[in-house]
Amino acid sequence: MPSLTVRAATSADLPQVFVLVRRMFDDLGATEASTQWETDARERLASDHDVATFVATDADDRPVAAAVGVIDQRLPSPRRPNGRIGYVEWLATDPGHRRQGAARLALSALLGWFDDRDVPTVDVHSSEAALPLYEQLGFGTPPAVPMRRLT
């Protein structure tokens, strides 16, 4: 098993993070001709305090997995007294490093970031391949059924 470490991503990591994320979207069949989403996402990753990116790196300090999350401020409720909820936006791993702990390292660091910011509820939309990892890290089915309006 290769030597992996985890750390917060730097601006120098973002090109490789986006290579991983584009590959993730390709694997999910969600290709898009426009790259405007990437430009907008880069700006948000660089400027917002409510977004975090963690990378698992190989022995050469090259990112091989990335976990990106965002904190959303909603109205307080009995389930979320402070109104804060987290979302795992992206979890992407280089194909050559899958099933070696890289995604677990990056995601665990992201979950720690949520914990440090008093965000006990974190949501994710998972691929079938990633379900076991999310379940092992404490994710489960919420009591309400999530639905989405598509226009």
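Author: Two strands count as paired here when DSSP finds at least two bridges between them. Strands (E, at least two residues) and helices (H or I, at least four) are DSSP runs, numbered from the N terminus. The model is predicted: local features need pLDDT of at least 70, side-chain atom pairs count only at pLDDT 80 or more, and totals for chains, interfaces and linings use all residues. Residues are numbered from 1 along each chain as its sequence is written, and side-chain values use heavy atoms, with hydrogens and water left out.

Reader: How many bridges join β1 to β2?

Author: Strand β1 covers residues 5–8. It runs antiparallel to β2. Val6 is one of its residues placed opposite β2, facing Ala56. The bridges between β1 and β2 number four.

Reader: Which residue of β3 stands opposite Ala56?

Author: Strand β3 spans residues 63–73 and is antiparallel to β2. Seven bridges join these two strands. Opposite Ala56 in β3 stands Ala65.

Reader: Is β2 mostly covered or mostly open, and how many of its residues are buried?

Author: Buried means under 20% relative accessible area, exposed means over 50%, and partly exposed lies in between (1.4 Å probe, protein chains only). Strand β2, residues 51–57, is mostly covered. One side carries Val51, Thr53, Val55 and Thr57, the other Ala52, Phe54 and Ala56, and all are buried. Of its seven residues, the buried ones number seven.

Reader: Which residue in the turn between β2 and β3 has a positive phi?

Author: The two strands form a hairpin, with five residues between them. The residue in question is not a glycine, and its phi is near 65°. It is partly exposed, because its relative accessible area is 41%. It is Asp61.

Reader: What does helix α1 reach from its first C-alpha to its last?

Author: Helix α1 covers residues 14–27, 14 in number. The expected span is 1.5 Å times one less than the number of residues. For α1 that expectation is 20 Å, and the helix is close to it. Its reach is 20 Å.

Reader: Which elements do the buried residues of α1 pack against?

Author: The buried residues are Leu14, Gln16, Val17, Phe18, Leu20, Val21 and Met24. An α-helix has 3.6 residues a turn, so residues three or four places apart point the same way. Contact means heavy atoms within 4.5 Å. The packing partners are α2 (36–47), β2, β3 and β4 (84–93).

Reader: Which residue of α2 meets Arg22 in a salt bridge?

Author: A salt bridge puts a side-chain nitrogen of Lys or Arg within 4 Å of a carboxyl oxygen of Asp or Glu. Here the N to O distance is 2.9 Å, and the pair links helices α1 and α2, 16 residues apart in the chain. Arg22 is partly exposed at 33%, whereas its partner is buried at 10%. That partner is Glu38.

Reader: What is the N to O distance between Asp13 and Arg7?

Author: Asp13 is buried, because its relative accessible area is 6%. Arg7 counts as partly exposed at 23%. Both belong to a salt-bridge network with Asp61. The distance between Asp13 and Arg7 is 2.6 Å.

Reader: Which residue forms a salt bridge with Asp58?

Author: Asp58 is buried, with a relative accessible area of 14%. Its partner is partly exposed at 33%. The closest N and O atoms are 3.5 Å apart. The partner is Arg62.

Reader: What is the relative accessibility of Arg99?

Author: Arg99 lies in the loop between β4 and α3 (102–116). Its phi is positive, near 65°. Arg99 counts as exposed, because its relative accessibility is 75%.
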